[in-house]
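Thank you all for coming. I would like to take a few minutes to walk through one model with you, moving from its sheets to its helices and then to some details of the backbone.

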Amino acid sequence: MVKRYLSLCSLDHALSVMKSSFSAPQRTEQVPIMESVGRVVATPVYAGYSVPEVPLSAMDGIAVRSRDTVGASETAPVTPGSFARVNTGNIVPPEFDAVIMIEDTWEAGDRFQIRKAAAPGQHVRPAGEDIREGRLVLPRGHLVRAFDIGAMATYGITRIEARAVRIGIIPTGSELVALGIRPGPGQVVESNTIMAQVFLGATGAKCTRFPIVCDDPGLIAEALRAAVKENDFVIISAGSSAGTRDFTAGVISSLGELLFHGVAVKPGKPVMLGKIQGKPVLGLPGYPLAAQTALREFAAPLLESWGFAPAPKYPVRVRLAQAVTSDLGFDEFVPVFVGRIGTSLWGTPFVRGPVVQTATVKANGYTHIPAAVEGYEAGTELEVLLTTDPGSIERTLILTGTLDPALEDLANLVHDKGLFIHASSMGNLAGLLALSRHTCHAAALSLPAGPLLREYTPLARHISVDDTIFVHIATIGHGIVSRDGLLPEDLTKVRFINTKSESPSRIVLDALLNARGIDATQVNGYSTEVSGPGAVAGAIRNGSADAGICTAGIAGSYGLQFVPFASEDYELAIRREMLADPRIMSLIALIRTPDYRAILETSGGYISDTTGMARYLSKDTVLTECPAGTMQF
């Protein structure tokens with residue numbers, strides 16, 4: 001019988017059980033030094049010979065016997081009777097014990113005159129100065145780095161004995177298709193075990209991915225037996241929850257012992273751990289973010305307790321750009337994007353659930369909310385563990401608001417200049433709030449063009465008119481998006497999907513309905529609201545709706561038909577105080593380049609005549625060009 005509910009244990013208890021139940025496999029392997037970066041040394045590494053093996057000259061000059069130079073001075077120069085001309089790195093003949101730099105000598109025929117005595121060993125690298133034969137180079141447990149390779153090569157080391165572990169990874173699920181196959185309805189590309197192989201392989205583990213196994217207890221058991229026989233550690237993906245087709249827990253119990261099933265952690269609650277023939281079997285949840293959590297918080301710590309390389313992470317203190325909540329009693333791991341605004345590091349959390357993989361693609365770190373905490377208010381300072389180069393933070397611009405393909409093109413250009421754009425597609429209102437709270441560098445806004453702008457009341461409510469400049473990206477066609485090229489007169493005959501009240505798309509739609517004399521109640525779906533134009537296009541593409549309102553760029557990116565009837569201004573709203581930031585200056589300069597205008601023009605649906613123009617919001621809610629000479633970028 002399938003188990004319907006999980007008995008949850010705490011994260012601390014689960015980790016304690018895991019680490020105390022399994023000892024490290026005593027497996028090592030010979031690894032060529034050129035392939036050893038990131039591996040952990042199992043057997044101490046010793047120098048094959050002394051470096052240097054004989055005394056070498058450290059300078060260009062002459063090798064002499066130091067006793068022959070005694071008494072040499074400016075007033076009583078000495079001409080050694082015996083010497084040898086040497087260059088840097090040359091062997092110093094055994095009869096000599098010092099080197100005098102060539103610039104400290106004076107030629108006297110075929111001899112050299114010196115005016116300062118040389119000390120024994122002067123400018124001579126003695127044998128074994130760097131290291132002597134048989135001395136320790138790398139201790140047991142050392143994590144090999146790139147620069148260690150050069151030293152080992154110099155010391156005559158060609159291979160090392162490294163810690164090794166074999167991990168078998170089994171994907172399960174009848175809905176899965178292999179990488180490279182486009183999934184049909186109800187199918188999904190098997191990606192969790194690909195991610196696991198790459199993630200765990202970076203620790204030095206040798207990972208073997210098994211073929212996809214259908215949701216059949218007998219087939220799952222067969223794959224588990226084979227994996228346990230061939231490997232030290234087995235990871236099985238999916239089938240770990242409490243659904244009617246989740247068989248993993250039962251199969252593990254039938255073959256061995258189930259140590260725990262269900263941990264009070266989010267995402268990743270269905271994670272399980274079993275023991276078969278004394279070997280750990282970790283069951284990953286099927287949702288991608290949940291699987292990532294299980295890999296990072298369970299698989300990686302187990303390998304680290306066995307002496308393998310830890311996953312890289314860099315702790316920083318940040319302030320939260322927005323509040324984040326958590327369920328009491330659950331340890332929660334939240335993806336976060338970190339950037340510097342002024343003198344402070346700000347973190348924007350992603351809280352969309354365990355299925356949205358783009359959260360970790362866009363995030364550059366994560367934070368841990370302990371089980372005893374229900375969340376944090378906006379502005380709270382906490383620790384974030386970065387998962388990328390900390391230096392990239394200083395080169396990143398944070399843009400919040402409405403994401404249009406025009407901004408993605410701009411991000412590519414900015415990257416070529418050594419900068420990065422992190423854009424959060426959270427809608428106009430979120431962008432305006434972030435701008436007012438100083439938690440973004442700029443707000444990306446889709447604004448109704450012309451007189452309709454006056455109806456967009458959130459703009460005046462949330463910005464300081466005197467302190468905000470609008471840099472124009474493009475004028476974009478606004479219209480009806482559909483699969484079949486529907487027209488305004490068709491809106492009363494099809495399933496419509498709307499955006500939220502006060503959104504630019506809603507304002508444009510209402511103006512269209514008023515102009516056509518169409519009552520909103522005649523539009524089937526007028527009250528069905530989604531978060532923004534992207535969600536509208538997504539719903540139409542997947543067949544949930546027939547028509548909606550969005551921009552030409554978004555319609556094109558979803559492969560849908562578009563019928564324009566209005567336009568909007570796509571703007572970057574920037575606080576005046578940010579205009580001196582070199583990153584903002586570079587961004588505006590790129591917006592004004594012919595290259596960017598050419599990209600907009602070839603993309604279709606964009607009018608770039610005034611791209612890059614700086615404007616301000618006048619008292620009567622009109623975007624007005626800044627007077628010449630008043631804005632310097």
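What follows is a short tour of selected features in this structure.

Before I begin, please keep in mind that this is a predicted model, in which local features need pLDDT of at least 70 and side-chain atom pairs count only at pLDDT 80 or more, while totals for chains, interfaces and linings use all residues. Residues are numbered from 1 along each chain as its sequence is written, and side-chain values use heavy atoms, with hydrogens and water left out. When I speak of helices and strands, I mean DSSP runs numbered from the N terminus, with H or I over at least four residues for a helix and E over at least two for a strand.

Let me start with the six-stranded sheet, which is open, has mixed pairing and follows the order 15-12-16-20-19-17; strands count as paired if DSSP finds at least two bridges between them. Its edges are strand 15 (206–209) and strand 17 (257–261), each of which pairs on one side only, and the twist averages 20° from one strand to the next. Within this sheet, strand 16 and strand 20 (residues 279–284) run parallel to each other and pair over four bridges, with Val234 standing opposite Val281 of strand 20.

Which strands does helix 5 touch when it packs on this sheet? The answer is strand 16, strand 17, strand 19 (272–276) and strand 20, and the direction of the helix makes about 25° with that of strand 19. For contact, the criterion is heavy atoms within 4.5 Å, and for angles, axes are lines fitted to C-alpha atoms, for helices over the stretch in contact, with values that run from 0 to 180 degrees between N-to-C directions. Helix 6 (residues 288–305) lies across strand 12 (166–171), strand 16, strand 17 and strand 20, and it runs at about 165° to strand 20.

Now to the helix pairs. Two packed helices are described by the angle between their axes and the distance between the axes. Helix 4 (residues 217–230) packs against helix 5 (residues 248–255) at an angle of about 55°, the axes being 10 Å apart. Helix 4 is therefore oblique to helix 5, given that angles under 35 degrees count as roughly parallel, over 145 as roughly antiparallel, 65 to 115 as roughly perpendicular and the rest as oblique. The crossing of these two, helix 4 and helix 5, is right-handed, a term used if the near helix is turned clockwise from the far one by less than a right angle, with anticlockwise giving left-handed. Helix 4 contributes Pro217, Ile220, Ala221, Leu224 and Arg225 to the contact, and helix 5 contributes Val251, Ile252 and Leu255. These residues divide into seven nonpolar, no polar and one charged, where Ala, Val, Leu, Ile, Met, Phe, Trp, Tyr, Cys and Pro count as nonpolar, Asp, Glu, Lys and Arg as charged, and the others, Gly among them, as polar.

A second pair lies later in the chain numbering: the axes of helix 8 (residues 405–416) and helix 14 (residues 582–591) come within 10 Å and cross at roughly 120°. That angle makes helix 8 oblique to helix 14, and the crossing is right-handed. Leu410, Leu413 and Val414 of helix 8 meet Leu587, Leu590 and Ile591 of helix 14, a set that divides into six nonpolar, no polar and no charged.

The three-stranded sheet is open and antiparallel, with the order 5-4-6, and its twist averages 35° from one strand to the next. Strand 4 (residues 61–64) pairs with strand 6 over four bridges, and Ala63 stands opposite Val99 in strand 6.

How many residues separate strand 7 and strand 8 in their hairpin? There are two between them, and Gly109 in the turn has a positive phi of about 70°.

Finally, some backbone and side-chain details. The peptide bond joining Val51 and Pro52 is cis, with omega about -5°, and Pro52 lies in the loop between strand 2 (45–46) and strand 3 (56–57). Another cis bond runs from Lys266 to Pro267, with omega near -15°. The structure holds 20 salt bridges, each a side-chain nitrogen of Lys or Arg within 4 Å of a carboxyl oxygen of Asp or Glu; one of them joins Arg27 and Asp232 at 2.9 Å, N to O, and links distant parts of the chain, 205 residues apart.
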